[in-house]
Amino acid sequence: MQQNFLRYNFESNLEYLNDMSWLTKTLSSSLGRKVIMSLTGLFLIIFLLVHLIGNLQLLKDDGGQAFNIYAKFMTTNGLIKVSSYLLYATFLIHIVYSIILTRVNRSARPSSYAYSKPSGSSSLSSRNMGILGTVIFIFLVIHLQNFWYQMKFGSMPMTSYGGMEIKDLYRVVAEAFSQWWYVVVYVTAMVFLAFHLSHGFQSAFQTLGINHKKYTPFIQKVGLAYSIVIPGLFALIPIYMFFTCNS
Ligand code: HEM
């Protein structure tokens, strides 16, 4: 009886270890890493759209009321807080895996050639995803320090609507974008984001095996439109605020 129990335990442990090694093998294989990059990239693409819709409220001519109420909701709602942790983890995984993939690709490249001619079919963006991603990462650090850190840990100006006291994040953003060099940093970063997305969007679908005569051209068109419209609207916010807040 006890022997049977021990054997059962041993076998189920073995099965568990086999499952684990399958999972770790998949996650550390080249394809597994690319799949992770694609899935996290697609999640971040959706985040950008949601983030943009929220930020477009900065363009409302209401002294920042709609934006401040939205920001309060985003920082106090329990479900959104949990989604935020998922978002930070996704950014982290996307960045860490991009570093691993770049290193592995670099070490797999024949070192005898000092210069390898880029293939005719690869785009400028696809060959420079690492550089584009690095610039976006630097932007993200500056961006989070400017707004997110201030909102969470800084001493914020306050405002009140109908007797309700809330943090005046609009004023912090407006003050930042009243300085021309902030606007230049943001607009430049959005150009890099546009190029990063222009390759990343369609490449994510390709890695996930969605490669079809009929659908791929459509995905490529949506990807191109997305990579122009989303960063374009993000860039419009600091430009618009610079002119309206300084007039
Ligand atoms: C004009 C462009 C943008 C403006 C005005 C803007 C504004 C803001 C503001 C005000 C916050 C703080 C909100 C809060 O703590 O509730 C924030 C957070 C954040 N932003 Fe942006 N943003 C812009 C573009 C971007 C871009 C392009 C990215 C990504 C590449 C990005 C990524 C983030 C992230 C990850 C957070 C933290 C979100 C969270 O805590 O849930 N932002 N942004």
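This dialogue goes through a predicted model of a protein with a ligand.

User: Where should a reading start, and how many helices and strands does the protein have?

Analyst: Start with the elements and their order. The protein has 9 helices and 2 strands. Read from the N terminus, the order is α-α-α-α-α-α-β-β-α-α-α. Contacts come next: of those in the protein between residues at least 6 apart in sequence, 76% join residues at least 24 apart. As for burial, 18% of the 247 residues count as buried.

User: How is the length of a helix checked, and what should the 26 residues of H2 span?

Analyst: The expected span follows from the rise per residue and is set against the distance between the end C-alpha atoms. At 1.5 Å a residue, the 26 residues of H2 should span 38 Å, and the end C-alpha atoms of H2 are 37 Å apart, which agrees. The 12 residues of H3 can be treated likewise: they should span 16 Å at 1.5 Å a residue, and the end C-alpha atoms of H3 lie 17 Å apart, again in agreement.

User: Which residues of H3 are buried, and which are exposed?

Analyst: Phe-67, Asn-68 and Ala-71 are the buried ones in H3. They lie on the same side of H3, because they cover an arc of only 95 degrees around the axis. Phe-73 and Thr-76 are exposed on the other side of H3.

User: What do the buried residues of H3 pack against?

Analyst: The partners are helices H6 and H7 and the strands E1 (158-161) and E2 (164-167).

User: How is a single residue classed? Is Ser-38 buried or exposed?

Analyst: Count the C-beta neighbours inside 10 Å; 20 or more make a residue buried. Ser-38 has 20 such neighbours, so Ser-38 counts as buried. Ser-38 lies in helix H2, where the buried residues are Ile-36, Met-37, Ser-38, Thr-40 and Gly-41. Leaving out residues up to four places away in sequence, Ser-38 touches Ala-204, Thr-207 and Leu-208. Ser-38 and His-94 are 56 residues apart in sequence, with 8.6 Å between their C-alpha atoms.

User: And how many other C-beta atoms does Ala-174 have within 10 Å?

Analyst: Ala-174 has 19 other C-beta atoms within 10 Å, so Ala-174 is partly exposed. Ala-174 is a residue of helix H7. Residues up to four places away in sequence aside, Ala-174 touches Met-241 and Cys-245. Gly-64 is 110 residues from Ala-174 along the chain, and their C-alpha atoms are separated by 9.1 Å.

User: Which residues of the largest nonpolar core touch the most other members?

Analyst: For a core, look at its members and then at the elements that supply them. The largest nonpolar core has 25 residues, of which Leu-58, Val-173, Phe-177, Met-190 and Leu-193 touch the most other members. H3, H7, H8 and H9 each give two or more residues to this core, and H8 gives the most, with 11 residues. Apart from its neighbours within four places in sequence, Leu-193 is in contact with Ile-136 and Pro-231.

User: Which residues come nearest to the ligand, and which element gives the largest share of the shell?

Analyst: A ligand shell is read by distance, by source and by residue class. There are 21 residues around the ligand, and Ser-84, Phe-147, Met-151, Phe-234 and Ile-237 come nearest. Helices H2, H3, H4, H6, H7, H8 and H9 each supply at least two residues of the shell. The largest share, 7 residues, comes from H6. By class, the shell holds 16 nonpolar residues, 5 polar and no charged.

Methods: Residues are numbered from 1 along each chain as its sequence is written. This is a predicted model: local features need pLDDT of at least 70, side-chain atom pairs count only at pLDDT 80 or more; totals for chains, interfaces and linings use all residues. A residue is near a molecule or strand if its C-beta atom, placed from the backbone, lies within 6 Å of it. Helices (H or I, at least four residues) and strands (E, at least two) are DSSP runs, numbered from the N terminus. Ala, Val, Leu, Ile, Met, Phe, Trp, Tyr, Cys and Pro count as nonpolar, Asp, Glu, Lys and Arg as charged, and the others, Gly among them, as polar. The expected span of a helix is 1.5 Å times one less than its number of residues. A residue is buried if 20 or more other C-beta atoms lie within 10 Å of its own, exposed if 12 or fewer, and partly exposed in between; C-beta atoms are placed from the backbone. The arc is that of the directions from the helix axis to the C-beta atoms. Two residues are in contact if their C-beta atoms, placed from the backbone, lie within 7 Å. A nonpolar core is a set of buried Ala, Val, Leu, Ile, Met, Phe, Trp, Tyr and Cys residues joined through C-beta atoms within 7 Å.
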